[in-house]
Amino acid sequence: MEQQKKTILSGVQPSGQLTIGNYLGALRNWDMLQDEYDCLYCVVDLHAITVRQNPAELRRRTLETLAIYIACGLDPQKNTLFVQSHVPAHAELSWVLGCYTMFGELSRMTQFKDKSLKNAQNVNAGLFTYPVLMAADILLYQADLVPVGIDQKQHIELARDIAERFNAAYSPTFTVPEPYMPKAGAKIMSLSEPEKKMSKSDDNPGAAIYLNDSRDDIIRKFKRAVTDSEMLIKYDTDRMGIANLMNIYSCFTGKDHSEIEREFDGKGYAEFKLAVGEACADGLKPIQEKFAMLLENKDELEKIMISGAERANYLARKTLSKVYRKVGFYQVKS
Ligand code: TRP
């Protein structure tokens, strides 16, 4: 029975804080996957150092990232939650796959081009080979599906190409993964520029609501959210500011757009924005409480890390030894 479940793998960078965009668009829906699929979620600390990190902060955020996933509803008994650097096979497979990835392919990655512009003083080789490591993350676990945002689709396509190339050169070794974009996820836009996606790395802290923002901050940010001068609470995708607030309100209250229109018929933006802020703060409160509780018990979190890494190591080793055998590395029984 266990083996028949499809495998889902996703990676998350321990950099920056998660926003309600990450939560409403992805994380919130992941607990629905945990029974139907075999799910693995990896905190990708190896990827994080492709840009300069403060070591103490990286360490802290790695733990916090694990905690936020659990606080958002991922059950560590049902999902394998682990840290990438705890499973050496990621780096090992990455080397091998790098020898089956072309310079030209990596040069065409839009994320590499964007990040090289942003970090012009540190265009390191890791930044360039980042997608190979990501392919290793996915292929090690024979993942069928990879839930990611649209910006990561090109990386999944490369992982597919690498898998197919390796399978064709030897014999079927890797499951060829597919991107998975659940329909349920809402796309949440920036509060200051509602044509842009809400991003955790926005320079303007007022543009995003972070999962651990205080109630006051949340209400203040919604109060200042950019809308228009029509003063009409009606769902219209040409008026992204108000449409975005309605989507957020809908996610937190379960009310649909027409219910919201009725609720705020004849009322002003100020009243509506306050209601959105309160609904969001109320919705995040249980997550924030669980997060704080989890961080108080670091031993428990470390136990989860250890058992996640144990299972991940077991699965990853199986794939890696297959790969080593196929490419012709001399194997001795120890
Ligand atoms: N590159 C992904 C991002 O920035 C993170 C990531 C690393 C990832 N390895 C992964 C996502 C494997 C999915 C699967 O969002």
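"Partly exposed" here describes a residue whose relative accessible area falls between the under-20% mark for buried and the over-50% mark for exposed. Keep that in mind for the close-ups below, which all come from a predicted model.

**View 1. Arg239 and Asp228 pair up in a loop.** Here Arg239 makes a salt bridge with Asp228, and their closest N and O atoms sit 2.9 Å apart. Both residues belong to the loop between α9 (215-223) and α10 (240-253), so this pair ties together parts that are 11 residues apart in sequence. How accessible is each partner? Arg239 has 8% relative accessibility, so the residue counts as buried. Asp228 comes in at 24%, which makes this partner partly exposed.

**View 2. A buried salt bridge joins Lys221 and Asp213.** Side chains of opposite charge can pair when their charged atoms come close. In this view, the N to O distance between Lys221 and Asp213 is 2.7 Å. Are these two buried or exposed? Lys221 is buried, and Asp213 is buried too. If you like keeping score, the whole structure holds 15 salt bridges.

**View 3. Glu300 and Lys303 meet along helix α13.** These two side chains form a salt bridge with an N to O distance of 3.9 Å. Both sit in helix α13 (residues 298-327), and being 3 residues apart there separates them by about one helical turn. Glu300 is partly exposed, at 37% relative accessible area, while Lys303 is exposed, at 53%. Now for a quick look back at the loop pair: Asp228, Glu230 and Arg239 are joined into one network by salt bridges that share partners.

**View 4. The largest nonpolar core has 60 residues.** Which residues have the most contacts inside this core? They are Ile20, Phe222, Phe272 and Leu284. Helix α12 (residues 269-296) supplies the largest share of the core, with 11 residues. Two domains chip in as well: domain 1 (7-180 + 297-327) and domain 2 (205-292) each give at least three residues.

**View 5. Zooming in on Ile20 shows its contacts.** Set aside the neighbours within four places in sequence, and what does Ile20 touch? Its contacts include Gly25, Ile188, Met198, Ile209 and Leu211. Also among them are Phe222, Ile248, Phe252, Cys280 and Leu284. Apart from the core in View 4 lies another core, this one of 41 residues, including Val87, Val96, Leu106 and Leu127.

Definitions and conventions. Residues are numbered from 1 along each chain as its sequence is written. This is a predicted model: local features need pLDDT of at least 70, side-chain atom pairs count only at pLDDT 80 or more; totals for chains, interfaces and linings use all residues. Side-chain values use heavy atoms; hydrogens and water are left out. A salt bridge is a side-chain nitrogen of Lys or Arg within 4 Å of a carboxyl oxygen of Asp or Glu. Buried means under 20% relative accessible area, exposed over 50%, partly exposed in between (1.4 Å probe, protein chains only). Helices (H or I, at least four residues) and strands (E, at least two) are DSSP runs, numbered from the N terminus. A nonpolar core is a set of buried Ala, Val, Leu, Ile, Met, Phe, Trp, Tyr and Cys residues joined through side-chain atoms within 4.5 Å. Domain bounds come from an automatic or database domain assignment. Contact means heavy atoms within 4.5 Å.
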